[in-house]
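Me: Could you take a close look at one enclosed part of this model for me? I'd like to know what surrounds it, and then how the rest of the structure is laid out.

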Amino acid sequence: MPSFRTWLRGAALGAAALAASALLPTHARADDTIKVGILHSLSGTMAISETTLKDVMLMLIDEQNKKGGLLGKKLEAVVVDPASNWPLFAEKARQLLTVDKVAAVFGCWTSVSRKSVLPVFEELNGILFYPVQYEGEESSRNVFYTGAAPNQQAIPAVDYLMSEEKVKRWVLAGTDYVYPRTTNKILEAYLKSKGVADEDIMINYTPFGHSDWQNIVAQIKKFGSSGKKTAVVSTINGDANVPFYKELGNQGIKATDIPVVAFSVGEEELAGLDTKPLLGHLAAWNYFESIDTPANKAFIDEWHGFTKKPTRTTNDPMEAHYIGFNMWVKAVEKAGTTDPNKVIDAMIGVAVPNLTGGIATMMPNHHITKPVYIGEVQGDGQFNVVWNTPGTVVAQEWSPYLEGSRDLIADWRKPMSCGNFNVKTGKCGGASK
Amino acid sequence: MILLRILLLLLALAPALARAEDDPFAGLAGSYDDISNAVAALAVSGNAQAEPAIAALQAGRLFVAPDNSLWIKRDGGAVNARTGAPGEPPGALKPVRQNNAVRRATEAAMGSLTLFSADPAVRAKAAAAIFEQRDTAAIPALDRALAKETNPAIRTAMQQARAAALLSGNAASEADRLAAVEVLRARGDMAASNLLESLSGQPKAVAAAAATAEASIARMQQMWSLAQGVFYGLSLGSVLLLAAAGLAITFGVMGVINMAHGEMVMLGAYTTFVVQQAMQTYLPSLFGASLIVAIPLAFIVSGVVGIAIERLLIRFLYGRPLETLLATWGLSLTLQQAVRSIFGASNRDVSTPGWMSGADQFGGITITYNRLSIIVFAALVMAALMAVLRYTPLGLQMRAVTQNRRMAAAMGIRTPWIDALTFGLGSGVAGMAGVALSQIDNVSPNLGQGYIIDSFMVVVFGGVGNLWGTVVSALMLGIVNKFLEPLAGAVLAKILVLVLLILFIQRKPRGLFPLKGRAVEA
């Protein structure tokens with residue numbers, strides 16, 4: 001069948017030519033756009049949280065382009081799907097930096113995904129904006145942390161419970177991985193420094209996606225009925241929260257008896273839940289959708305317009321991306337180029353308004369200043385702010401409550417340029433053994 | 001100098017204090033602290049408008065106008081909270097805000113205000129609230145209420161509340177205290193024991209009585225906690241059983257390693273969601289029955305998808321377990337992403353009908369209705385499944401085909417059809433499990449993933465091909481898991497169960513109840 005074979009060859013050649021011609025214009029176009037990488041899982045377990053962040057990045061880029069782009073060029077979003085698979089995060093990050101040659105990457109949610117891409121960004125000198133509250137104990141030259149460090153979320157929440165709710169007994173409940181473990185270690189040390197006795201702290205870890213909470217909630221109920229005011233500090237992550245709150249409701253634990261303050265439950269998580277039994281349970285964040293400021297209202301309206309869904313909620317990590325993106329735009333304008341070294345240097349000290357009426361400033365430790373809000377769950381799935389810090393709080397990336405991290409500071413300004421400078425030994429390179 | 005300052009301060013405060021005394025309502029328009037204080041003051045003020053105002057606050061129907069006047073919103077109008085007279089509020093109303101401190105204050109206040117309600121349920125609730133708050137100020141009211149109360153259950157609740165309040169105050173005599181300790185011992189639950197434990201500064205005799213009462217309660221509690229553990233275990237076991245029942249057919253009877261089994265469960269849960277959405281729009285009056293409607297629909301949806309999978313994919317792979325495993329694994333990912341594309345990545349809200357939420361206390365154990373319903377549902381599903389296999393022609397043909405395919409074919413049974421129907425039955429049962437799981441887990445595309453490993457564990461442990469084995473193994477795994485959990489923590493308990501299971505399978509590779517006879521070799 002020679003005729004068929006020649007036909008095949010012809011078809012292959014034709015396809016190659018078509019592909020080449022399709023590729024050429026993109027190459028030509030690449031020069032007058034600035035590419036921005038979006039590294040969020042669109043499938044797998046984390047898709048529930050991360051898809052929203054991809055959408056908000058597309059909205060921010062779209063909006064910036066409407067304002068005329070950046071340095072006279074249009075911005076172009078490059079979206080990849082690391083599929084909630086941690087090694088794939090590193091591969092996709094490498095692809096974004098070497099193949100697509102993006103100027104900055106906005107991405108990651110879980111700490112393990114961040115740890116997995118960190119060496120890639122350091123090796124290839126990329127820029128990563130990480131928008132989620134995390135356990136601290138890290139500062140990299142190539143990463144800008146726009147989420148909260150423990151002292152910008154966990155510690156103020158515990159302070160609130162101690163002073164306003166007069167809590168004396170503590171249940172630290174978390175999912176079994178690095179963020180809850182480290183946060184709980186910090187909180188435990190902090191509580192002990194405040195004179196809380198060992199027997200008044202109960203620590204409990206559960207696997208990812210835990211769904212049968214009967215035992216644990218009964219245990220909490222028992223622990224909390226000793227006459228001393230008890231609260232649950234929850235670092236339970238993701239899907240496991242819904243059955244947890246449902247079980248609390250079923251066993252009749254009300255917020256007036258044992259309040260639960262959560263660090264990973266926001267508007268998005270409550271969207272899949274009937275919140276009436278949760279009335280009064282707490283969450284600590286740096287942003288709530290219900291905060292009434294003109295900037296927030298404009299942001300929410302724009303979000304509804306962009307997604308064409310008037311019920312879609314906004315949440316804290318979205319605000320973090322909003323701040324991070326605006327900071328990056330400002331730093332690029334200041335540096336006059338997207339060259340990573342110049343942008344990284346220009347980032348420090350950049351200040352942009354946040355959505356809650358304050359100003360976020362990028363500090364030399366690559367973390368930003370944030371206000372802290374405590375909100376109570378309302379019947380409509382929103383939070384009612386009951387307390388907030390008077391101003392913004394500077395992040396302590398190295399917790400002063402942990403052995404080994406106590407003496408460390410991060411300062412990426414020259415001449416120090418170090419993420420883990422030990423003030424005791426005067427050397428860069430972490431805790432002395 | 002200091003004296004002068006204090007005097008000045010008092011003078012400055014005086015108008016505020018006076019105002020608060022004249023008008024206990026004033027604080028309700030203020031900060032959270034003001035609101036809590038105002039509620040407490042109102043409760044003891046004897047003001048006739050106090051109860052409706054606090055009840056309205058509790059229900060979120062108390063509003064404040066721009067001129068600080070207070071209004072209760074009712075159906076079709078507003079009532080001035082101070083006077084109880086209907087009127088037109090001046091300007092836009094804002095709800096009186098509540099935080100947990102305010103909610104606690106309203107609960108305590110409603111306790112002493114509603115002791116004389118005509119509704120026995122309200123009186124019982126009031127007594128329970130006073131017991132919890134240990135509100136010493138409520139004792140006189142309790143005494144008056146006790147004198148009038150005729151319902152024995154509410155009388156007991158009131159006496160317990162009185163005992164709690166009495167022991168927490170410091171006015172009562174030693175004899176009264178001893179009597180109160182006895183009342184609490186008779187109550188015998190955790191709350192009573194905790195109350196006794198937290199007592200301090202009591203006379204010696206009272207302290208000793210409290211200690212013995214506490215010990216006796218503790219003994220009782222230990223017995224109850226054993227029973228409670230069994231209930232938790234049964235409830236986890238019934239969930240495992242539901243998830244595994246379908247697999248017991250597709251894997252157990254047919255021998256197909258179906259990694260997409262979890263997705264059949266997920267489809268059932270999403271069917272529930274769709275049914276609820278539809279009923280909310282078209283038949284809101286029958287919403288309570290939405291789950292009942294969803295059960296057959298979920299069976300049909302998952303069953304039809306199951307038959308399609310068998311016809312289009314699995315029938316080409318019989319006798320090639322590795323390829324079946326990989327193909328169905330790929331299929332499970334495809335189904336997950338398909339659902340994610342259609343319904344979105346976020347969790348869907350499947351609400352629990354009223355008759356399934358809440359809990360009841362039976363002696364010392366708490367039984368939550370949703371778990372109880374699931375246990376009953378699992379029992380019904382298993383009974384129905386066994387009846388189908390045993391008493392219907394389809395069941396007979398299924399058993400014939402799985403035991404000796406060629407002989408069955410020779411008898412005129414269309415074996416390919418029976419394969420498809422069997423697979424459809426297993427998938428349909430998984431869909432029904434999805435309806436139950438939508439009540440206790442997240443309805444998300446990943447719902448099924450969490451159950452696939454557990455389901456295989458149950459089927460393998462119970463003995464492949466034996467439905468009774470599946471029942472026993474699900475309940476056993478549930479109970480063992482729940483008894484290990486408090487001792488070892490949730491993570492370690494899961495690992496321990498897995499290790500025990502592996503050791504068991506090493507000893508008895510065919511599970512608890514292996515099939516015997518020639519069928520095994522076929």
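**The largest cavity and its surroundings**

Reply: Happy to. Let's start with spacing: the C-alpha centres of domain 2 of chain A and domain 3 of chain A lie 33 Å apart, with domain bounds coming from an automatic or database assignment. The model is predicted, so local features need pLDDT of at least 70 and side-chain atom pairs count only at pLDDT 80 or more, while totals for chains, interfaces and linings use all residues. Residues are numbered from 1 along each chain as its sequence is written, chains are lettered from A and ligands numbered from 1 in the order written, and side-chain values use heavy atoms, without hydrogens or water.

Chain A is assigned domain 1 (28–148 + 293–368), domain 2 (154–262) and domain 3 (403–433). The largest cavity lies between domain 1 and domain 2 of chain A, because both give residues to its lining. It encloses about 80 Å³, and the structure holds eight cavities of 30 Å³ or more. A cavity here is a set of points on a 1 Å grid over the protein atoms alone where a 1.4 Å probe fits but cannot get out; points are joined across faces, edges and corners, and the volume is the space filled by probe spheres set on them.

What makes up the wall? The lining of the largest cavity has 13 residues, each with an atom within 4 Å of a cavity point. Those nearest the centre are A:Trp109, A:Val132, A:Gln133, A:Tyr177 and A:Asn237. By class, seven of the lining residues are nonpolar, five polar and one charged (nonpolar: Ala, Val, Leu, Ile, Met, Phe, Trp, Tyr, Cys and Pro; charged: Asp, Glu, Lys and Arg; polar: the others, Gly among them).

Elsewhere in chain A, A:Tyr160 belongs to helix α5 (residues 154–164); helices are DSSP runs of H or I with at least four residues, strands are E runs of at least two, and both are numbered from the N terminus. With a relative accessible area of 3%, A:Tyr160 is buried (under 20%; exposed is over 50%, partly exposed in between, with a 1.4 Å probe and protein chains only). Leaving out neighbours within four places in sequence, A:Tyr160 contacts A:Glu165, A:Leu282, A:Ile374, A:Glu376, A:Val386 and A:Trp387, a contact being heavy atoms within 4.5 Å. The C-alpha atoms of A:Tyr160 and A:Asn388 are 9.2 Å apart, although 228 residues separate them along the chain.

Turning to chain B, its domains are 1 (16–102), 2 (114–202) and 3 (224–521), and 53 Å separate the C-alpha centres of domains 1 and 3. Chain B has 21 helices and seven strands. Its C-alpha atoms fill a box of roughly 105 × 60 × 50 Å along the principal axes. Of its 522 residues, 45% are buried.

Two of chain B's residues round off the picture. B:Thr324, in helix α13 (residues 321–343), is buried at 5% relative accessible area and touches B:Val256, B:Ile257 and B:Leu317 beyond four places in sequence. B:Val401, in helix α15 (residues 393–403), is buried at 3%. Beyond four places in sequence, its contacts are B:Ala408, B:Ile413, B:Thr415, B:Ile418 and B:Asp419. By C-alpha atoms, B:Val401 sits 45 Å from B:Gly354, 47 residues away along the chain.

Notes
On a 1 Å grid over the protein atoms alone, a cavity is a set of points where a 1.4 Å probe fits but cannot get out, and a pocket is an open set with protein on both sides within 12 Å along at least five of seven lines; lining residues have an atom within 4 Å of a point.
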